[in-house]
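Trainee: May I ask for a close look at one part of this model, namely how its strands pair and what lies against them?

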Amino acid sequence: MRFVDEVPERGQYDVLVAGGGVAGAAAAVAAARAGKKVLLLEKAQKLGGLATLGLINLFVSMCNGRGKQIIFGMAEEFLRLSIAHGYGEVPKDFVNGRIPEEKLASYAAAGQLPPRYLTRFSPEIFALELTALCAKWGVDLRFDALLTRVKMDEEAGQRTVRGVVVEEKSGPAYYGAKMFVDATGDGDLLLRAGVPTAVRGNFHTYMGLSLTLESCARAAKTGNIGAATGYFAAGEATLYGEKHPAGLPLYDGTSADEVNRYLLQNQLEMLEKLKQTDRLARDVVTLPGMPQFRTTRRIEGDYVLQESDAYRHFDDSVAAICDFDRRDYLFEVPRRTLVRGGWANLVTAGRSAAGEGYAWDVLRVIPPAILTGQAAGLLCCKALDEGRPVHQTDIRALQRELERQNVLLHFDDADVPRGSRDLHEHND
Ligand SMILES: Cc1cc2nc3c(=O)[nH]c(=O)nc-3n(C[C@H](O)[C@H](O)[C@H](O)COP(=O)(O)OP(=O)(O)OC[C@H]3O[C@@H](n4cnc5c(N)ncnc54)[C@H](O)[C@@H]3O)c2cc1C
């Protein structure tokens, strides 16, 4: 193995983003829009990560469940992008981020809850759109580029990442940068940079996109191709672990052996299940191109978001987000969940942001992952412009820029259900 210093250098950047999932794409585009020279490294052959390669083609709800949109910014932009030239739509009731009062009243009168602001989308078309967006903003895209090693400097207790080694078709290549975003979802860069991290096991979930004669007939009848595809599952475990086979150990998504145990078990199981069905009545059109692990490795950030932080305001919030499952639940995401003091130029985003237990789940899904990506990209720009470590940048300046980009930083206290936030009257 060659030492980092012997690997040929292929470029120097202002901001290097590792991992081209939704979080990485958002970080890269946000930084490029701010005028920085940006490199986006992606080990696969298309952008989008779990949302495209992983076939998780649903923007979960971006509203509070009472007709008010909470998540905006680049999450709204990406949602629109995902359905601009592909199937999927958001409920028509929403006008400028809200369901009008009269409409809400009509749902209430009918004893119904209003629809939530979410949509399915075509994973392949969304991947193409993300590529086009990055190209439009001048992001240097490097597909088929696996980050393997990191070059670090340490001075007076402050660690600085100088560059990364990437395995490409032509061999190892070194890319240097001033700022780094780890959006690999697995904390690959964090780990190699020595940042403290935490890991969590995964349930048995593996779904391919499928067609059936029935779903095709439904699509033809409704004139909506989106109705044609569904899921054919091997592992069917839910987010809460329901349907996880008794006795099957959780998968540790951070080890090669475990990734292979997961893939082998699920692929054999899927074939067995397919054998039980009519071979002419269905097909699996795509297998997931990456393991469908919800949580693997995340930063032990300067703050770790907790479920009990629902309805808590944070002075350093970079986004207000909502719970995708429970109506009314609102959170704010402190900048501290994306950084670790002592690492001057390294930020994380997406599913490796710091959340504990269910708060990790609320934080990692597609819309919040995009918002933490946007915040991480802009935070790198601010750190560069101000010449300060990422955790010591002027938070107000970052927040002003996020607000200018249509990110809601703080939820409205009027939307907190009565009696549910007696604990959190102060900021911290
Ligand atoms: C089973 C399941 C169901 C889900 N359901 C939903 C849902 O319905 N709605 C929803 O909103 N969310 C859902 N989620 C969560 C959501 O899909 C993800 O949390 C979100 O897409 C994460 O985005 P990300 O950009 O942070 O990470 P990822 O999507 O994991 O992207 C990371 C990217 O980095 C690349 N990468 C990794 N390591 C390296 C490396 N060393 N070098 C270079 N590149 C690297 C990967 O190839 C990938 O493209 C679900 C997740 C799972 C697993």
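Mentor: The account below follows the strand pairings, then the helices, and finally the ligand.

The structure is a predicted model, in which local features require a pLDDT of at least 70 and side-chain atom pairs a pLDDT of 80 or more, whereas totals for chains, interfaces and linings use all residues. Residues are numbered from 1 along each chain, as its sequence is written.

Let us begin with β8 (residues 171–182) and its partners. A strand is a DSSP run of E of at least two residues, a helix is a run of H or I of at least four, and both are numbered from the N terminus. Two strands pair if DSSP finds at least two bridges between them. Strand β1 (residues 9–18) runs parallel to β8, and 8 bridges join them. Within this pairing, Ala18 has Asp182 of β8 as its bridge partner. Asp182 also stands opposite Thr348 in β16. Strand β16 (residues 346–348) is in turn joined to β8 by 3 bridges, in the parallel sense. Strand β7 (residues 158–168), by contrast, pairs with β8 in the antiparallel sense, over 6 bridges. In that pairing, Val165 is matched with Tyr174 of β8. The two strands β7 and β8 make up a hairpin, with 2 residues between them.

We now turn to an open sheet. Its 3 strands follow the order β11-β10-β12, and their pairing is antiparallel. Because β11 (229–236) and β12 (282–286) stand at the edges with a single partner strand each, one side of each is left without a neighbour in the sheet. On average, neighbouring strands here are turned by 45° against each other, with direction ignored. Strand β10 (residues 205–212) is joined to β12 by 4 bridges. In this pairing, Thr212 has Arg282 of β12 as its bridge partner.

Two helices lie across this sheet. Angles run from 0 to 180 degrees between N-to-C directions, and axes are lines fitted to C-alpha atoms, for helices over the stretch in contact. Two residues are in contact if their C-beta atoms, placed from the backbone, lie within 7 Å. Helix α6 (residues 213–222) lies across β10 and β11 and runs at about 60° to β10. Helix α7 (residues 256–275) lies across β10, β11 and β12, and its angle to β11 is about 120°.

Helices also pack against one another. Helix α9 (366–386) meets helix α10 (residues 395–404) at an angle of about 135°, and their axes are 10 Å apart. From α9, the residues Ala375, Leu378, Leu379 and Lys382 meet Ala397, Leu398, Glu401 and Leu402 of α10. In another pair, the axes of helix α2 (residues 73–84) and helix α4 (residues 123–136) come within 8 Å and cross at roughly 120°. This contact involves Leu81, Ser82 and Ala84 of α2, together with Phe126, Glu129 and Leu133 of α4.

Lastly, we consider the ligand. A residue counts as near if its C-beta atom, placed from the backbone, lies within 6 Å. There are 36 residues around the ligand, and Gly19, Gly21, Gly49, Gly185 and Gly350 are the closest. Helix α9 reappears here, since α1 (22–33), β3 (58–59), β6 (146–155) and α9 each supply at least two residues of this shell. Helix α1 gives the most, with 3 residues.
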